[in-house]
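User: I would like to learn how to read the features of a model like this one, a step at a time. Could you take me through the sheets, the helix packing and the contacts?

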Amino acid sequence: MFVEIRFHGRGGQGAVTAANLLVAAALKENKYGQAFPFFGAERRGAPVLAFARISDRPIKIHSEIRSPDIVVVLDPSLLELVDVTRGLKKGGVVVINSKETPSIGDEYNVYVVDATSIALKYKLVVAGWPLVNTAMLGALSSATGVVGLKSIVSVVEENWRGDVAKRNVEAVIEAFNSTRKVR
Amino acid sequence: MVVLPLTGNYAVAWAVKRARVKVIAAYPITPQTTIVEKLSEMVENGELDAKMIRVESEHSALAAVYGAAIAGARAFTATSSHGLLYMHEVLWWVSASRVPLVMAIVTRAIGPPWNIWTDHSDLLDQRDTGWIISMAESNQEAFDLTLQAFKITEDDRVNLPMIVGLDAFILSHTTAPVDVLEQEDVDRWLPERKQLYVIDPNNRFSLGNIASPKDYMMFRYDIEKAMDNARRVILEVDREYGKVFGREYGGLVECYKCSDAKYTVVAMGAWAGDAKEAIDILRDNGYAVGVLRIRFIRPLPVNEILNYLSGMKGVIVLDRSVSFGAGGQLFTEVSSILASRGRPPAMKGVIAGLGGVDVSYSEIKDIVLKFINEVEDQGWFIKRQEWFMPYEYSFKDYG
């Protein structure tokens, strides 16, 4: 198993944290992981990228991910700005935070989850921004099984405390259960 | 074993904590900043009993930890790029005072034009300063080297400072699993700090005074001897660490499938991992290739390079830096060693990845394959150098 994932988000939405948590979840399953941001100047609100590799053997490479197996889109408005399927392998998976069914190329498997509503429902808002990253990890697990729901819940519980942890866990589970395949 | 998902920078901070460093001084510069940010957090919340000294520049940062080190404290600093260049003068003060001190360098290109991404120019600019200079391939190795650096530098055969290098972003800001060991195991392994002398107000002596030409040259000869001793000490510490903690890297170099190889790639830093991946693919296609990873550029692994590479049909050296007018520094040094004994292998130097240009394992595979074909088609040649740019620069439209 060797999977490369690209996260599209906006600065402040937690794409980098999502990639890091995914690696922590992989470690729980005795897998290996690597997570990294796009190495530039990060600005709040601007389109940003984060990357992750998950493997069942140690990862030697450190170069960029150019042809991901999976793309996770944290913000539906990015679809108009960025070619989110750029370099995506044929038959690859796209997991999108969206209320609607977006039009993405026929050659991909597309999953949709309304992570913004879930984040708002569980009051996961910082500086006016719905934090959808934990919900999107639930959706990613549901769509691909790259790491299990249990592992994601357990790293979320370790990363936050008390009520915030509880609300994030609820968001992860609700997103996991409501993710649907649209293509 | 305590495995945590850590960035390369946090891995270094954890090693500093495990070594129970007493004094830290640093000035922020991307991409080093998160090392000392994490350390100051550890000091603030009581995890690390150390003094953080705030300074106004990198020159002062190294001067401050130099003062702490000659006063007998285990000390640490970190920097990158222009910060390191600004420190340059003080590097000589520390090594020529024969004082153990550890510094992390998150390698970053030098401006202008302004660039925050990795290459090895800043690190290799310090080659001649009398510091031991190492370079990590992974976050785990950044942790292990930083911890080992305290034992190596404080060995009474060495008494020289040491740099631990790690690539900007591709290690420094990349999260990967790191075994940070148990504190009590590290305490058992790493002895109390030892050093040649300690500044003591009750026992006054003069340091850094003017020396006659003859005395000066003797001081320099002593540094050279200590550097030579460091070769043995680095190997001993690596072996002992392997026995105690289960990770042994090979000393000054790491040989990856190079013992039965006809062609070998020489590289240093994180992209050596990509070179290993490339070599695995080439081996699957029937090519006898290997990687010789340079872990220490000072002291230079002269015997290792001769032993592993003399009998090769071809040696290709990847440089992530350039000495303008001479070529890649690794290539210059490796090829001069190989040319000192009989007929050397066919040798090629490739300069690539400057200023953070991404070079993938599949591009390294193509670079190596091209070299093999050149040697097989044209026969032996002594030295050839070229620059490599990737075929497409894939993410220029993003972010």
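User: In what order do the seven strands of the open sheet in chain B lie, and how are they paired?

Analyst: A sheet can be read by following its strands from one edge to the other. In this predicted model, the seven strands of this open sheet in chain B follow the order S3-S2-S4-S5-S7-S6-S12, and their pairing is mixed. Its edge strands are S3 (51-54) and S12 (296-298) of chain B, each of which pairs on one side only. Ignoring direction, neighbouring strands of this sheet are turned against each other by 20 degrees on average.

User: In what sense do S4 and S5 of chain B pair, and over how many bridges?

Analyst: S4 (residues 75-79) and S5 (residues 102-107) of chain B pair in the parallel sense, over four bridges. To find one of these places in the structure, look at B:Ala78, whose bridge partner in S5(B) is B:Ala104.

User: Which strands of chain B does H2(B) lie across?

Analyst: For a helix on a sheet, one asks which strands the helix covers and how its direction compares with theirs. H2(B) lies across S2 (23-26), S3, S4 and S5 of chain B, and runs at about 140 degrees to S2(B). Helix H3 (residues 58-70) of chain B also packs on the sheet, where it touches S2, S3 and S4 of chain B, and the direction of H3 makes about 165 degrees with that of S4(B).

User: What is the strand order of the sheet in chain B that has six strands?

Analyst: That open sheet runs S9-S11-S10-S13-S14-S15 in chain B, again with mixed pairing. S9 (253-256) and S15 (383-387) of chain B are its edge strands, each pairing on one side only. S14 (residues 346-351) of chain B is joined to S15(B) by five bridges, and these two strands run parallel; within S15(B), B:Trp387 stands opposite B:Ile351. Helix H9 (residues 271-284) of chain B lies across S9, S10 (263-267), S11 (289-294) and S13 (314-319) of chain B, and runs at about 170 degrees to S11(B).

User: How should I read two helices that pack on each other, and at what angle do H1 and H2 of chain B pack?

Analyst: Two packed helices are described by the angle between their axes and the distance between the axes. H1 (residues 8-18) and H2 (residues 33-44) of chain B pack at an angle of about 40 degrees, with their axes 8 Å apart, and H1(B) and H2(B) are therefore oblique to each other. The crossing of H1(B) and H2(B) is right-handed. On the H1(B) side the contact is made by B:Asn9, B:Tyr10, B:Val12, B:Ala13, B:Val16 and B:Lys17, and on the H2(B) side by B:Thr34, B:Ile35, B:Lys38, B:Leu39 and B:Met42. By class, the residues of this contact are seven nonpolar, two polar and two charged.

User: How do H6 and H8 of chain B cross?

Analyst: The axes of H6 (residues 139-153) of chain B and H8(B) come within 10 Å and cross at roughly 125 degrees, so H6(B) and H8(B) are also oblique to each other. H6(B) passes H8(B) in a right-handed crossing. There, B:Asp144, B:Gln148, B:Lys151 and B:Ile152 of H6(B) meet B:Ala230, B:Val233, B:Ile234, B:Val237 and B:Tyr241 of H8(B), and the residues of this contact divide into six nonpolar, one polar and two charged.

User: Into which domains is chain B divided, and how many residues does each domain give to their contact?

Analyst: A contact between two parts can be read by counting the residues on each side and then asking which elements supply them. Chain B is divided into domain 1 (3-245) and domain 2 (253-387), and the centres of the two domains, taken over C-alpha atoms, are separated by 28 Å. The contact takes 25 residues from domain 1 of chain B and 19 residues from domain 2 of chain B. On the domain 1 side, H5 (121-124), S6 (132-135), S7 (162-167) and H8 (213-245) of chain B each supply at least two residues, and H8(B) gives the most, with five residues. By class, that side of domain 1 of chain B has 12 nonpolar, seven polar and six charged residues.

User: How many residues of chain A and of chain B are in contact?

Analyst: In this case 24 residues of chain A are in contact with 25 residues of chain B. On the chain A side, H1 (15-28), S2 (32-37) and S3 (47-55) of chain A are the elements that give two or more residues, and the largest share, six residues, comes from S2(A). The residues on this side of chain A divide into 14 nonpolar, seven polar and three charged.

Conventions: Residues numbered from 1 in each chain as written. Chains lettered and ligands numbered in written order. Predicted model: local features only at pLDDT ≥ 70, side-chain atom pairs only at ≥ 80, totals over all residues. Domains from an automatic or database assignment. Contact = placed C-beta atoms within 7 Å. Nonpolar A, V, L, I, M, F, W, Y, C, P; charged D, E, K, R; others polar. Axes fitted to C-alpha atoms, helices over the stretch in contact; angles between N-to-C directions. Parallel < 35°, antiparallel > 145°, perpendicular 65-115°, else oblique. Left-handed = near helix turned anticlockwise from the far one by under 90°. Pairing = 2+ DSSP bridges.
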